[in-house]
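Subject: Handover of a structure and a summary of its features

Dear colleague,

Please find below the structure that I am handing over to you. A description of its main features follows, with the terms explained as they arise.

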Amino acid sequence: MKKKIVVTGGTGYIGSHTAVELINEGFEVILIDNLYNSEAIVADRIGEITGVKPELEVFDLCRRKKVSNFFNENKNISAIIHFAAYKAVGESVDKPLEYYRNNLVSLINLLYAMREFSIPSIVFSSSCTVYGQPEKLPVTEEAPVQPAISPYGNTKQIGEEIIRDTIAASKGLKAISLRYFNPIGAHPSGLIGELPRGVPENLVPFITQTASGKRDELKVFGNDYTTPDGFCIRDYLHVVDLAKAHVIAVKRMIEGKNKKRFEVFNLGTGKGVSVLEAIRSFERVSGKKLKYRITDRRAGDIEKIWADPSFANKELGWKTISSLDEAMKTAWEWEKKIRKKK
Ligand code: UD1
């Protein structure tokens, strides 16, 4: 019998790519999404890619009764992968209560359901934002968590704490928190990718939208950092590589290979890339010159961060495969595709 995995936020960017990888690995997948920031058609697209359309349940995870009813009707779930969350850093500063409520109440409701219905495992979408500006680079999982700069970042930190304490108090449960660096790109099929609502906050969708003419120019937030070329440095990884790590994490817990009941892994390439290098990569793969302008620094931006992924490499047997150029190319292909449709 196929193992059943629930993917919350399953029609979203990382959730949809993960659903594809899970189905390809023989899991039965049920998506839960309130479609706040995604579209139901994504479930069809996952079906087109894999040949198996996953069930999609549309409801809000903040509604505890709904969550409980869902798990009451869907027994024998092997694991939950919890992506559903608000993720706009800037917006979270203006709407802290909405962010704390949405991101934390949904998590708490899922943890209650895990206890109530004996669902043994959860994978949590965390972020390298928990490290703030680390003193040592590349950053390992041992680096201290620093006070969050935004309510969004704080929901990831508090989320990890809620999970850690719940796992400690519940013998039958286990969890893996995956701290993502900067996911970019889209599925090579061109059927799923990121669909930013309104003006994108993240670099790569802004680059591709500028190149396709949807935005006038990219504002590059500062070139006076103390980095080799003066631009901020991040660790950009292909979303398909990232999605695969979730399948491995789920299998690890199902097969009882986890060393502790709560584990944390950094997911990145291990390579720092400056904003200028990212722009150059885009120009290389698209053959287009990008219109950009250097502006002031963005409040709250970290100067430089990249992962030490060696713990994930060793323990999960996972590493990124795609290069920056390959990831960037899929981002551009996706942008051209969605522009054509509109
Ligand atoms: C941010 C969050 C991260 C979150 C991620 C996804 C922080 C510190 N980081 O990552 O936790 O998971 O968003 O939403 O809160 N840039 C420009 N011009 C732009 C956009 C970005 O120059 O129009 C630059 C930024 O200054 C940065 C780099 O591009 O140096 C990447 O920015 P972005 O894609 O927004 O990701 P992070 O800020 O790294």
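Contact means heavy atoms within 4.5 Å of each other. Axes are lines fitted to C-alpha atoms, for helices over the stretch in contact, and angles run from 0 to 180 degrees between N-to-C directions. Helices (H or I, at least four residues) and strands (E, at least two) are DSSP runs, numbered from the N terminus.

With these terms, helix α1 (residues 13-24) can be placed: it lies across β1 (4-8), β2 (28-33), β4 and β6 (174-180), and runs at about 165° to β2. Helix α8 (residues 239-254) lies across β1, β4, β5, β6 and β11, at about 165° to β6.

Please note that this is a predicted model, in which local features need pLDDT of at least 70 and side-chain atom pairs count only at pLDDT 80 or more, while totals for chains, interfaces and linings use all residues. Residues are numbered from 1 along each chain as its sequence is written, and side-chain values use heavy atoms, with hydrogens and water left out.

**The chain as a whole**

The chain contains eleven helices and 13 strands. Its radius of gyration (taken over C-alpha atoms) is 19 Å, which agrees with the value near 20 Å for a compact globule of 342 residues; the globule rule is 2.2 Å times the number of residues to the power 0.38. Along the principal axes, the C-alpha atoms fill a box of roughly 55 × 45 × 40 Å. Of the 342 residues, 55% count as buried, where buried means under 20% relative accessible area, exposed over 50%, and partly exposed in between (1.4 Å probe, protein chains only). Among contacts between residues at least 6 apart in sequence, 80% join residues at least 24 apart.

**The sheet**

Two strands pair if DSSP finds at least two bridges between them. Seven strands form an open sheet with parallel pairing, in the order β3-β2-β1-β4-β5-β6-β11. Its edge strands, β3 (55-58) and β11 (262-267), each pair on one side only. On average, neighbouring strands of this sheet are turned by 20° against each other, direction ignored.

Two of the pairings may be followed in detail. Strands β2 and β3 are parallel and share four bridges, and Asp33 has Val58 in β3 as its bridge partner. Between these strands the chain passes through helix α2 (residues 41-50), in a β-α-β crossover that is right-handed; this term applies if, with the strands pointing away from the viewer, the path from the first strand over the helix to the second runs clockwise. Strands β4 (residues 77-82) and β5 (residues 121-127) also run parallel and are joined by four bridges. Here Ile80 stands opposite Ile122 in β5.

**Helix α7 and Ala327**

Helix α7 (residues 203-211) is mostly covered, with nine of its nine residues buried. Among them are Leu203, Phe206 and Ile207. The elements that cover these buried residues include β7 (182-184), β8 (218-221), β10 (236-238), α9 (275-286) and α11. Just after α7, Gly213 takes a positive phi of about 95°.

Helix α11 (residues 324-341) holds Ala327. Is Ala327 buried or exposed? Ala327 is buried, because its relative accessible area is 2%. Leaving aside neighbours within four places in sequence, Ala327 is in contact with Ile184, Gly185 and His238.

Yours sincerely
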